[in-house]
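This report introduces the structure to someone who has not met it before. Please look over the sequence and the model first, and then read on.

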Amino acid sequence: MAIATPKPEVRPANPAFSSGPCAKRPGWTLAALDAALLGRSHRAKDPKARLNEVIERSKAVLGMPADWKLGIVPASDTGAVEMALWSMLGARGVDVLVWESFSKEWATDVAKQLKLKDARIIEAPYGRLPDVAQVDPARDVVFVWNGTTSGVRLPNADFISDAREGLAICDATSAAFAMDLPWNKLDVVTWSWQKVLGGEAAHGMLALSPRAVARLESFSPDRPLPKIFRMTKGGKLNEGIFKGETINTPSMLCVEDAIDGLKWAESIGGLKGLVARSEANLAAIARWVATKPGYDFLAEDAATRSCTSICLKITAPWFTVMGADAQAATAKKIASLLEKEGVALDAGAYRDAPPGLRIWGGATVETSDIEALLPWLDWALATVESDVVVA
């Protein structure tokens, strides 16, 4: 019989630690959606104004340059990235930086679906960044800012030249609103509502610099583009997309929720307040990890640790001597224990990542909930260890 491990006395007030869709903002209730324009055409004046409100509030909170374009697009962040890749790539060579699951998907798009002849994949294993010094400013570059499935983020964009000829295409879905993005180093930036502000899924955001707009208006790819990818008409940018005239039908319920999240962001000090909340969550886990021998960050370099998708590996000796399949099963058992106790929902590592845990630390998560969760991670590890030893 397994040895019982005492349970911690304090539980997180909100056990939602999923990396997407993420926890709603503190104090959120369904009443936040009471003003939603339901049963209305998204092309009508008032609904279109609501859509444009999401755009303008987002630009303001993020500090986006005035000459950038921002639009609401289909299919979440994935749709936004795909629109950029399929519409803009092929004008010159492209480098793709890969260090986790989603960046690997973009590499697959470039190499196997678009089949671009002049493409380089610059890759690193989970826990590390690739050699960004290899990026050629004469070429386009595609990358994630924050590795959602690895917990590894870029510490800066110094590798992107101010005099670059290519476009810098950045998937920032778990970075936007939690990390400072250097807009002068970027040309295309994408994210979704379901991450840092805790919005609902299915809607993406696509931001374009003047250089990206110029690419769209000067380059016609030699491949067919589905309707939801088309951003130009008659060789000119379709400006309506960036004023709330969406390509397809959005959910006005989700639009209202996005506005609520943006208003909350404004109420806590805008981007500065959002970043501070996320960094406080990372700091709480870092303090705990420093005193615990059983867990460590998957990110090998402290400067690259994500403050949103915080990925932990299990370093307990009894775990590390297991085979790969046993490690995966054991890590899932730990996550299941946390869910069964109602203290951490959806906290397991991403399916393609090394076995471990992934704790969302975005701005909607209270640091007090992170701090209440951490003793439960110790408890779950000790409980599973007891089972292993007894077996």
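A residue is called buried when its relative accessible area is under 20%, exposed when that area is over 50%, and partly exposed in between. Glutamate 341, at 18% relative accessibility, therefore counts as buried. The model discussed here is a predicted one.

## Two domains and their contact

The domain assignment of the protein gives domain 1, covering 30–266, and domain 2, covering 269–390, and the C-alpha centres of these two domains lie 28 Å apart. Their contact draws 29 residues from domain 1 and 28 residues from domain 2. About 2300 Å² of area is buried between domain 1 and domain 2, with carbon and sulfur atoms giving 58% of it. Within domain 1, Tyr126, Arg153 and Trp264 lose the most area to domain 2, and together they account for 23% of what that side buries.

Between the two domains there are 2 salt bridges and 15 residue pairs in polar contact. The side of domain 1 that touches domain 2 receives two or more residues from each of several elements, among them helix H1 (45–62) and helix H3 (101–113), while H5 gives the most, with 3 residues. The residues on this side divide into 14 nonpolar, 10 polar and 5 charged. Arginine 153 also forms a salt bridge with glutamate 279, in which the closest N and O atoms are 3.0 Å apart.

## Serine 150

Serine 150 is found in the loop between S5 and S6, and it counts as buried, since its relative accessibility is 0%. Its side chain reaches the backbone nitrogen of valine 152 at 3.3 Å. Leaving aside residues up to four places away in sequence, serine 150 touches several others, including Trp99, Tyr126, Leu298 and Cys311.

## Salt bridges

The structure holds 24 salt bridges. In one of them, the side chains of glutamate 341 and lysine 7 meet at 2.7 Å, N to O. Because glutamate 341 lies in the loop between helix H8 and strand S14 and lysine 7 in the segment before H1, the pair ties together parts that are 334 residues apart in sequence. Lysine 7, at 46% relative accessibility, counts as partly exposed.

Aspartate 95 forms a salt bridge with arginine 120, with the closest N and O atoms 2.8 Å apart; aspartate 95 is in strand S2 and arginine 120 in strand S3. Aspartate 95 is buried at 0% relative accessibility, whereas arginine 120 is partly exposed at 31%. A network of salt bridges links Asp95, Asp118, Arg120 and Arg139.

Definitions and conventions
Residues numbered from 1 in each chain as written. Predicted model: local features only at pLDDT ≥ 70, side-chain atom pairs only at ≥ 80, totals over all residues. Heavy atoms only, no water. Domains from an automatic or database assignment. Contact = heavy atoms within 4.5 Å. Buried area = accessible area lost by both parts, 1.4 Å probe. Salt bridge = Lys/Arg side-chain N within 4 Å of Asp/Glu carboxyl O. Polar contact = N/O pair within 3.5 Å; in protein donor to acceptor, adjacent residues only side chain to side chain. Helix = DSSP H or I, 4+ residues; strand = E, 2+ residues; numbered from the N terminus. Nonpolar A, V, L, I, M, F, W, Y, C, P; charged D, E, K, R; others polar. Buried < 20%, exposed > 50% of the residue type's maximum accessible area, 1.4 Å probe, protein only.
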